[in-house]
Amino acid sequence: DMIDEYLANVRESVNQQFINIIKSDSQVSKAMLHTVLAPSKCIRAGIVRAAAELEDTLNKESINNLQVAVEAMHSYSLIHDDLPAMDDDDMRRGQTSNHIAYGEATAILAGDALHSLAYEIVSNDTHLSDEHKINIVKLLSDACGFNGMILGQQLDLESEGSDTGDINKIHALKTGRLISASVALPITNATLRMRLKSIGEDIGLAFQIMDDVLEITASSATLGKDSGSDIKNKKLTYVSVYGLESAIKNAEKLIEKSKNNIIDLDDSFNKKSLLEICDFIISRDN
């Protein structure tokens with residue numbers, strides 16, 4: 001499948017860059033690599049590349065740096081998410097969670113280090129303009145901070161075992177914001193960047209709805225993590241709130257809307273990969 005090949009290609013260049021950057025053999029470096037090099041869809045990095053193709057203004061190195069920055073940020077959030085104090089999950093990406101492999105303290109530090117690394121990679125890029133770098137830092141810090149992903153995780157924790165809590169808000173913050181940032185990061189034109197950021201919010205919510213769906217319909221082996229861990233943690237999920245059929249329908253509607261908004265962009269843009277990623281989000285099985 002074209003998109004599988006596309007994402008495999010993205011993953012290869014992301015992994016290579018991680019190996020180049022994190023080359024010391026300290027325990028914390030090993031722990032960082034444990035998570036970033038584990039098999040993953042690299043969907044956020046794929047979104048970065050697909051969005052970069054729209055304008056086709058950035059060079060390959062810069063695109064890869066942005067892919068790596070987003071995956072570093074995502075991996076940090078997974079490591080901290082899995083901790084006993086958070087979701088207490090022992091499996092991630094088909095292997096032991098970071099804290100199981102390296103102990104809690106090192107896992108926390110590895111997450112912290114990956115968080116910093118995201119900004120370091122952007123700062124060190126030699127091709128991006130300073131203005132673009134500032135916009136990237138703004139997008140990332142905004143997506144991941146106390147009004148973004150962190151708040152999503154807090155609300156997620158607070159919703160455990162209760163059926164109150166706004167699942168749309170939790171998902172939009174916890175997952176949607178970083179995916180939305182991924183769509184906007186590589187864009188140099190400010191107007192286009194803002195349009196894509198809002199399209200990305202719909203894509204992000206659809207992605208997380210499908211995650212909840214797969215949590216119920218896929219096996220642990222396919223998922224690479226404990227399927228049913230949300231049930232074990234009495235988590236509020238899109239499926240527990242809306243039911244399976246509605247959840248899938250809502251995700252499909254959001255993707256349809258996103259695709260129409262992408263198609264509506266200026267005809268000079270190369271929209272092919274971004275549209276294919278939209279389709280992939282709905283049809284993926286892990």
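## Helix H2 and its cover

Helix H2, residues 27–36, is mostly covered, with seven of its 10 residues buried. The structure described here is a predicted model. The buried residues of H2 are Ser29, Ala31, Met32, Leu33, His34, Thr35 and Val36. Their cover includes helices H1 and H4, strand S2 (95–96), helix H5 (98–102) and helix H6 (104–124).

Helix H1 also carries Gln16. The C-alpha atom of Gln16 lies 9.1 Å from that of Leu37, and the two residues are 21 apart in sequence. Gln16 counts as partly exposed, at 43% relative accessibility.

## The largest nonpolar core

The largest nonpolar core holds 80 residues, and the members that touch the most other members are Phe18, Leu114, Leu196 and Ile277. Helix H10 (residues 190–217) gives this core its largest share, 10 residues.

Which residues does Ile277 contact, leaving aside its neighbours within four places in sequence? The partners of Ile277 are Ile3, Tyr6, Leu7, Ile43, Gly46, Ile47 and Ala50. One of these partners, Tyr6, is also listed in the lining of the second largest pocket.

## The second largest pocket

The second largest pocket contains about 310 Å³ of space. Its lining consists of Tyr6, Asn9, Ser13, Arg49, Ala52, Glu53, Asp56, Leu58, Lys60, Glu61, Ile63 and Asn64. Two or more lining residues come from each of helix H1 (2–21), helix H3 (43–55) and helix H4 (60–82). The largest share of the lining, four residues, is supplied by H4.

By chemical class, the lining of the second largest pocket divides into five charged, four nonpolar and three polar residues. The charged group includes Arg49 and Glu53, whereas Asn9 and Ser13 are among the polar residues.

## Gln67 in helix H4

Gln67 belongs to helix H4. Is this residue buried or exposed? Gln67 is buried, with a relative accessible area of 0%. Not counting residues up to four places away in sequence, Gln67 touches Val10, Ser13, Val14, Ala45, Val48 and Arg49.

Two of the residues touched by Gln67, namely Ser13 and Arg49, also appear in the lining of the second largest pocket. Between Gln67 and Arg49 the C-alpha separation is 7.1 Å, with their positions 18 residues apart in sequence numbering.

## Gln153 in helix H8

A further buried glutamine, Gln153, is found in helix H8 (residues 149–159). Its relative accessible area is 10%, so Gln153 counts as buried. Leaving aside neighbours within four places in sequence, the contacts of Gln153 are Asp81, Met86, Asp87 and Lys174.

The contact with Asp81 joins positions 72 residues apart along the chain, and the C-alpha atoms of Gln153 and Asp81 are separated by 7.9 Å.

## Cysteines and the absence of disulfides

How many disulfides does the structure hold? The structure holds zero disulfides. The sulfur of Cys42 has its closest cysteine sulfur in Cys144, at 16 Å, which is too far for a bond. The closest cysteine sulfur to that of Cys144 is in turn the one in Cys42, also at 16 Å and too far for a bond. A disulfide would require the two sulfur atoms to be within 2.5 Å.

Both cysteines are nevertheless covered. Cys42 is buried, with a relative accessible area of 5%, and Cys144 is buried as well, at 3%.

## Positive phi angles outside glycine

Cys42 lies in the loop between H2 and H3. Phi of Cys42 is near 55°, a positive value in a residue other than glycine.

Asp88 likewise has a positive phi, of about 50°, although it is not a glycine. Asp88 sits in the loop between H4 and strand S1 (91–92). In accessibility, Asp88 is partly exposed, with a relative accessible area of 36%, whereas Cys42 is buried.

Methods
Residues are numbered from 1 along each chain as its sequence is written. This is a predicted model: local features need pLDDT of at least 70, side-chain atom pairs count only at pLDDT 80 or more; totals for chains, interfaces and linings use all residues. Side-chain values use heavy atoms; hydrogens and water are left out. On a 1 Å grid over the protein atoms alone, a cavity is a set of points where a 1.4 Å probe fits but cannot get out, and a pocket is an open set with protein on both sides within 12 Å along at least five of seven lines; lining residues have an atom within 4 Å of a point. Grid points are joined across faces, edges and corners, and a volume is the space filled by probe spheres set on the points. Buried means under 20% relative accessible area, exposed over 50%, partly exposed in between (1.4 Å probe, protein chains only). A nonpolar core is a set of buried Ala, Val, Leu, Ile, Met, Phe, Trp, Tyr and Cys residues joined through side-chain atoms within 4.5 Å. Contact means heavy atoms within 4.5 Å.
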